[in-house]
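Please look over the sequence and the model before reading on. The report below is meant for a reader who is new to both.

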Amino acid sequence: MTTTLTVINGRLRQSETGGQLVLSPKSGGNEPCCCKCTPCTMARYTTNNANPIFDLTPYKCAGKEYAGQPWRLIEVGYVATYASGIIDSYGYLLGLQNQFRSSYFYNGYMELQIGCKSAAESTTGSQWPVARTAPTCAIGSCL
């Protein structure tokens with residue numbers, strides 16, 4: 001089955017015809033369905049009794065190319081979000097604490113992720129990277 005996704009009048013439309021996924025950039029003069037953003041993972045860390053602290057200070061800046069996009073600190077095993085925010089116009093992760101401290105004895109598979117949010121998604125949320133398999137973000141510079 002082929003699935004084609006197209007934005008028509010600000011809504012994502014899907015049509016199925018065969019065996020692959022096709023993203024249609026335009027349909028009949030309508031707006032593109034894809035943005036330039038690709039969800040990615042800035043950092044991965046496993047917390048436990050021996051390594052309870054995830055130092056987040058090296059990740060305060062994602063780069064101005066990510067401005068306006070959402071970020072989150074998530075434990076991917078239990079899908080628990082511990083912090084989240086927006087990347088400001090200078091490229092900084094607003095609200096990101098300096099460290100995450102775990103008090104649990106088991107392994108916590110933490111990821112600091114950058115999602116994608118376009119104008120068309122403003123009412124439906126953000127697209128997030130697939131845990132443990134997402135590409136690593138290409139970190140830029142902040143002003």
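What follows describes a predicted model, taking the sheet, the disulfides and two single residues in turn.

**The sheet**

Four strands make up an open sheet, in the order E4-E9-E6-E7, and their pairing is antiparallel. The edges are held by strand E4 (40-47) and strand E7 (80-86). Each of these has a single partner strand, so one side of each has no neighbour in the sheet. From one strand to the next, the twist averages 15°.

Strand E6, residues 70-75, is joined to strand E9, residues 108-114, by five bridges, and the two run antiparallel. Two of the facing pairs can be named. Leu73 of E6 stands opposite Leu112 in E9, and Ile74 stands opposite Glu111 in E9.

E6 is also joined to E7, here by six bridges, and this pair runs antiparallel as well. Glu75 has Ala80 in E7 as its bridge partner.

How many residues of E6 are buried? Six of its six residues are buried, and the strand is described as mostly covered. The cover extends to both faces of E6. On one side the buried residues are Pro70, Arg72 and Ile74, and on the other they are Trp71, Leu73 and Glu75. The charged-looking names in this list should not mislead: Arg72 and Glu75 are counted as buried too.

**The E6-E7 hairpin**

The hairpin of E6 and E7 has four residues between the strands. Val79 lies in this loop between E6 and E7. Its phi is positive, about 50°, although Val79 is not a glycine. Is Val79 buried or exposed? Val79 has a relative accessible area of 61%, which is over 50%, so it is exposed. The residues of E6, in contrast, are buried on both faces.

**The disulfides**

How many disulfides does a search of the whole structure find? The search finds three. With the bonded cysteines counted along the chain, they follow the pattern 1-4, 2-5, 3-6. The table sets out the three links.

| Disulfide | S to S distance | Torsion about the S-S bond | Handedness |
|---|---|---|---|
| Cys37 and Cys116 | 2.0 Å | about -80° | left-handed |
| Cys40 and Cys137 | 2.0 Å | 100° | right-handed |
| Cys61 and Cys142 | 1.8 Å | about 105° | right-handed |

The disulfide of Cys37 and Cys116 has its sulfur atoms 2.0 Å apart. It links distant parts of the chain: Cys37 is in the loop between strand E3 (21-23) and E4, while Cys116 is in the segment after E9, 79 residues away. Both Cys37 and Cys116 are buried.

The disulfide of Cys40 and Cys137 also has an S to S distance of 2.0 Å. Cys40 belongs to strand E4 and Cys137 to the segment after E9, so that distant parts of the chain, 97 residues apart, are linked. Cys40 and Cys137 are both buried.

The disulfide of Cys61 and Cys142 has an S to S distance of 1.8 Å. Cys61 lies in the loop between strand E5 (53-55) and E6, and Cys142 lies in the segment after E9, so the pair ties together parts that are 81 residues apart in sequence. Cys61 has a relative accessible area of 19%, which is under 20%, so Cys61 is buried.

**Ile139**

Ile139 is found in the segment after E9. Why is Ile139 partly exposed? Its relative accessible area is 44%, which falls between 20% and 50%, so Ile139 is partly exposed.

Where the chain folds back, Ile139 and Ala62 can be taken together: they are 77 residues apart in sequence and 5.2 Å apart in space, C-alpha to C-alpha. Neighbours within four places in sequence left aside, Ile139 is in contact with Met42, Cys61, Ala62 and Glu65. Among these, Cys61 is a residue already met, as it forms a disulfide with Cys142.

Note on methods: Residues numbered from 1 in each chain as written. Predicted model: local features only at pLDDT ≥ 70, side-chain atom pairs only at ≥ 80, totals over all residues. Heavy atoms only, no water. Pairing = 2+ DSSP bridges. Axes fitted to C-alpha atoms, helices over the stretch in contact; angles between N-to-C directions. Disulfide = S-S within 2.5 Å. Buried < 20%, exposed > 50% of the residue type's maximum accessible area, 1.4 Å probe, protein only. Contact = heavy atoms within 4.5 Å.
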